Amino acid sequence: MDPVKALKQVAFHLERAGEPTYRVQAFRNAAAVLAELTPEDVEKRARLGTLTDLKGVGKSTAGVVADALANREPQYLAKLRHVDITGGEEMRSKLKGDCHVHSDWSDGGSPIRDMAEAARDLGHEWMVLTDHSPRLTVANGLSRDRLLKQLDVVAELNVELAPFLVLTGIEVDILDDGSLDQDDDLLERLDVVVASVHSKLKMPRAEMTERMLTAVANPHVDVLGHCTGRLVVGKGRPESQFDAERVFEACAEFGTAVEINSRPERLDPPRRLLSLAVDAGCTFSIDSDAHAPGQLDWLNYGCARAEECGVTPEMVINTRPAAQLLAG
């Protein structure tokens with residue numbers, strides 16, 4: 001096993017396990033340091049025990065390198081490969097892409113290329129880049145000008161990564177009145193628009209219902225993101241209150257997919273609402289909402305919950321090839 005690749009794999013699985021960013025970054029930094037050396041230099045330093053003399057290489061990262069050079073799976077990596085998700089395997093095997101992915105252009109931690117290459121290595125054919133819209137300043141949301149620049153970057157990257165495809169998109173804020181936090185002419189240019197509520201989550205039920213209905217009916221919106229806004233870890237956050245039957249009926253009427261958000265702290269919508277959306281005849285998008293490469297592999301959480309609630313692959317838009325997805 002290549003030592004640099006081994007270090008990157010450990011970083012990936014640490015992200016997947018939800019480990020602290022500093023720990024992930026330690027392995028990525030070590031990989032970057034070793035990538036500057038020749039394979040012969042790496043082997044020599046490992047043999048002489050001088051890897052840790054390099055700035056950015058510590059005892060744990062040097063151990064991964066030693067295991068890789070000995071052609072054995074690093075012990076650190078073997079521990080991280082443990083998968084604690086059961087169910088959803090059939091659905092996961094059908095997914096061809098991910099409709100909700102962030103990069104370091106907004107609040108993600110990695111460049112677009114790193115996210116795309118990780119998605120490709122997971123077996124995807126495409127991913128949708130959905131950085132935040134401008135009002136979400138805490139997430140470094142994209143202004144009109146920055147979004148236009150990002151479209152140019154994506155176009156260039158698609159030439160390099162072909163046949164893998166980065167589809168253009170945005171996670172656009174649903175404003176208080178249900179309008180969207182980006183210009184219509186830009187939304188028209190994007191391949192996929194995920195619309196989510198990020199503010200005033202405790203809005204009264206009737207007002208929140210009208211807010212979501214307005215957004216769902218917008219012709220630019222393709223996916224309704226994490227519809228309740230709940231958080232289920234730590235202190236948590238309660239679900240927003242809205243008339244779910246009316247909202248899901250509108251999703252079915254206007255062809256707006258309901259997102260099954262796979263982030264472990266969200267798992268949104270809850271099962272009772274997911275079952276209600278199935279009964280309403282909705283389509284779905286099983287998304288990672290990844291902010292780092294390892295988080296792209298969180299899709300299993302959403303797939304398991306989808307199968308539990310009667311969602312079939314035919315109902316899921318990201319089981320489709322890119323051309324079919326874009327054709328609607």
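I began with how the chain's contacts are spread along the sequence in this predicted model, and I noted that, among contacts between residues at least 6 apart in sequence, 74% join residues at least 24 apart.

Next I looked up the secondary structure, and I found 14 helices and 7 strands in the chain. I then turned to the overall dimensions: the radius of gyration is 21 Å, close to the 20 Å that the globule rule gives for 328 residues, so I wrote the chain down as being as compact as a globular protein of that length. For the extent of the C-alpha trace along its principal axes, I recorded a span of about 70 × 40 × 40 Å.

I went on to burial and surface. Buried residues account for 52% of the 328 residues, while the chain exposes about 14,800 Å², of which carbon and sulfur atoms supply 49%.

For charge, I noted 37 positive and 53 negative side chains in the chain, with the centres of the two sets lying 7 Å apart.

Last, I picked out a single residue, Thr228, and asked where its place is in the chain. I found Thr228 in the loop between strand 5 (223-224) and helix 11 (244-254). Is Thr228 buried or exposed? Its relative accessible area is 1%, and since buried means under 20%, I entered Thr228 as buried. Leaving aside residues up to four places away in sequence, I listed what Thr228 touches: Pro238, Glu239, Ser240 and Phe242, together with Asp268, Pro270 and Leu273.

Conventions: Residues numbered from 1 in each chain as written. Predicted model: local features only at pLDDT ≥ 70, side-chain atom pairs only at ≥ 80, totals over all residues. Heavy atoms only, no water. Helix = DSSP H or I, 4+ residues; strand = E, 2+ residues; numbered from the N terminus. Rg over C-alpha atoms; globule rule 2.2 N^0.38 Å. Buried < 20%, exposed > 50% of the residue type's maximum accessible area, 1.4 Å probe, protein only. Contact = heavy atoms within 4.5 Å. Areas by Shrake-Rupley, 256 points an atom, 1.4 Å probe, with all protein chains shown as cover. Lys, Arg positive; Asp, Glu negative; His and termini not counted. Charge placed at Lys NZ, Arg CZ, Asp CG, Glu CD.
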